Amino acid sequence: MNLDRAVDAYLRHITIERGLSDHTIAAYRRDLAGYVAWLDDRGVADTTDVTPAIVAEFAAERASADPAPAASSLARLQSSVRGLHRFLAREGIADADPSQRLRPPKQARRLPKALTIEQVERLLAAPSGEDPIGIRDRALLELLYATGARVSEAIRLDVDDLATGEILRLRGKGSKERIVPVGSYARAAVDAYLTRVRPDLATRGRASPKLFLGARGAPLSRQSAWLVIQEAAEKAQLTAHVSPHTLRHSFATHLLQGGADVRVVQELLGHASVATTQIYTHVTVDTLRDVYATSHPRAR
């Protein structure tokens, strides 16, 4: 099969069968476009012409590029290529999987950056006053910190996902649903937004079930949500880099510091494996070590 057609078939498959986000699909599309262009430069235009040696050469060339690619980007690229060839072999489009021996690069395990509780409070208080957009922004920030939701999950929320005032239904990666509780501060902020701001925003655009709306009534975009967090961080005079994931990291870290079980935090974050959640336990151990070092009379 022609490689362009093979890639189109694979992208349709992961879009329909795996329920991946538009952002993830776009990343796979970019990766595979680069892969096919590289193959085309070498006169490879059909799936039957791709060999293990060619795949290995592609991976080696990308890994040694100048400037060196980030390990996470290289890992995603190789995942895209492996996914494509596994799909082709499984569907009988190709006789074998030439990427079978391709191994992803080892990635350095970075500890997540979390804000202190005092810094979070300053961030959440930044959109103050009676300005309608400020009320919306406060609701978004409070909800992100109260639930540990990814920003993509928050902007996909419908009003109906607020099953009750105390429970929220989130749709995570692969369209997996999870239920998380919502604290009183977030409930109050969201209630204020729903009663005082959202009805007016909804009249400015086409009817949308989305919880968070922009100034013109359209669903709030990922980029706009990012700007909300950046502007709040600037108003709060936070010198540390603050991203949408910072509130998620802070949510997990503060729960563990407060004594929450790691498996409970795993469920709240929607992690498929507890190993992913356990990275946050290292943050907590570091905190305990610092407290011990500064507090115990014989620690030094």
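Strand S1 covers residues 167-171 and has two unlike faces. Leu168 and Leu170 form the covered face. Ile167, Arg169 and Arg171 make up the uncovered one. In a regular strand, side chains alternate between the two faces of the sheet. The model is a predicted one.

S1 has a partner, strand S2, at residues 177-181. The two strands pair in the antiparallel sense, over five bridges. Which residue of S2 is the bridge partner of Arg171? That residue is Glu177.

**Overall frame**

The protein has 14 helices and two strands. Its C-alpha atoms fill a box of roughly 65 × 65 × 35 Å, taken along the principal axes. The protein has 300 residues, and 41% of them count as buried. Take the contacts with a separation of 6 or more: residues 24 or more positions apart account for 56% of them.

The exposed area of the protein is about 16800 Å². Carbon and sulfur atoms supply 51% of that area. On the charge side, there are 41 positive and 35 negative side chains. The centres of the two sets lie 4 Å apart.

**Aromatic pairs**

How many aromatic pairs does a search of the whole structure find? The search finds four. One of the pairs is Trp38 with Phe58: the ring centres are 5.2 Å apart and the planes meet at 65°, so the pair is edge-to-face. The cut-off for that label is an angle over 60 degrees. Trp38 sits in helix H2 (residues 22-41) and Phe58 in helix H3 (residues 52-63), so this pair ties together parts that are 20 residues apart in sequence.

Both rings belong to covered residues. Trp38 counts as buried because its relative accessibility is 3%, under the 20% cut-off. Phe58 is also buried, with a relative accessible area of 3%. Ring pairs extend the group: Tyr35, Trp38 and Phe58 are linked into a cluster.

**Accessibility of selected residues**

| Residue | Relative accessible area | State |
|---|---|---|
| Trp38 | 3% | buried |
| Phe58 | 3% | buried |
| Ser99 | 1% | buried |
| Gln237 | 64% | exposed |

**Two loop residues**

Ser99 is found in the loop between helix H4 (71-90) and helix H5 (117-125). Is Ser99 buried or exposed? Ser99 is buried, at a relative accessible area of 1%. Leaving out residues up to four places away in sequence, Ser99 touches Val55, Val81, Arg82 and His85.

Gln237 also has a loop position, between helix H10 (222-235) and helix H11 (244-257). What is the sign of phi at Gln237? Phi is positive, about 55°, although Gln237 is not a glycine. Gln237 counts as exposed because its relative accessibility is 64%, over the 50% cut-off.

**Tyr145 in helix H6**

Tyr145 lies in helix H6, residues 132-147. Tyr145 and Asp131 are 14 residues apart in sequence. In space, their C-alpha atoms are 21 Å apart.

Which residues does Tyr145 touch, not counting those up to four places away in sequence? Tyr145 touches Val120 and Leu124. Tyr145 also touches Leu247, Ser250, Phe251 and His254.

Methods
Residues are numbered from 1 along each chain as its sequence is written. This is a predicted model: local features need pLDDT of at least 70, side-chain atom pairs count only at pLDDT 80 or more; totals for chains, interfaces and linings use all residues. Side-chain values use heavy atoms; hydrogens and water are left out. Helices (H or I, at least four residues) and strands (E, at least two) are DSSP runs, numbered from the N terminus. Buried means under 20% relative accessible area, exposed over 50%, partly exposed in between (1.4 Å probe, protein chains only). Contact means heavy atoms within 4.5 Å. Accessible areas come from the Shrake-Rupley method with a 1.4 Å probe; for residues, only the protein chains shown count as cover. Lys and Arg count as positive and Asp and Glu as negative; His and the chain ends are not counted. The place of a charge is taken as NZ of Lys, CZ of Arg, CG of Asp or CD of Glu. Two strands pair if DSSP finds at least two bridges between them. Rings of Phe, Tyr and Trp (its six-membered ring) pair if their centres lie within 6.5 Å; planes under 30 degrees apart count as stacked, over 60 as edge-to-face and the rest as tilted.
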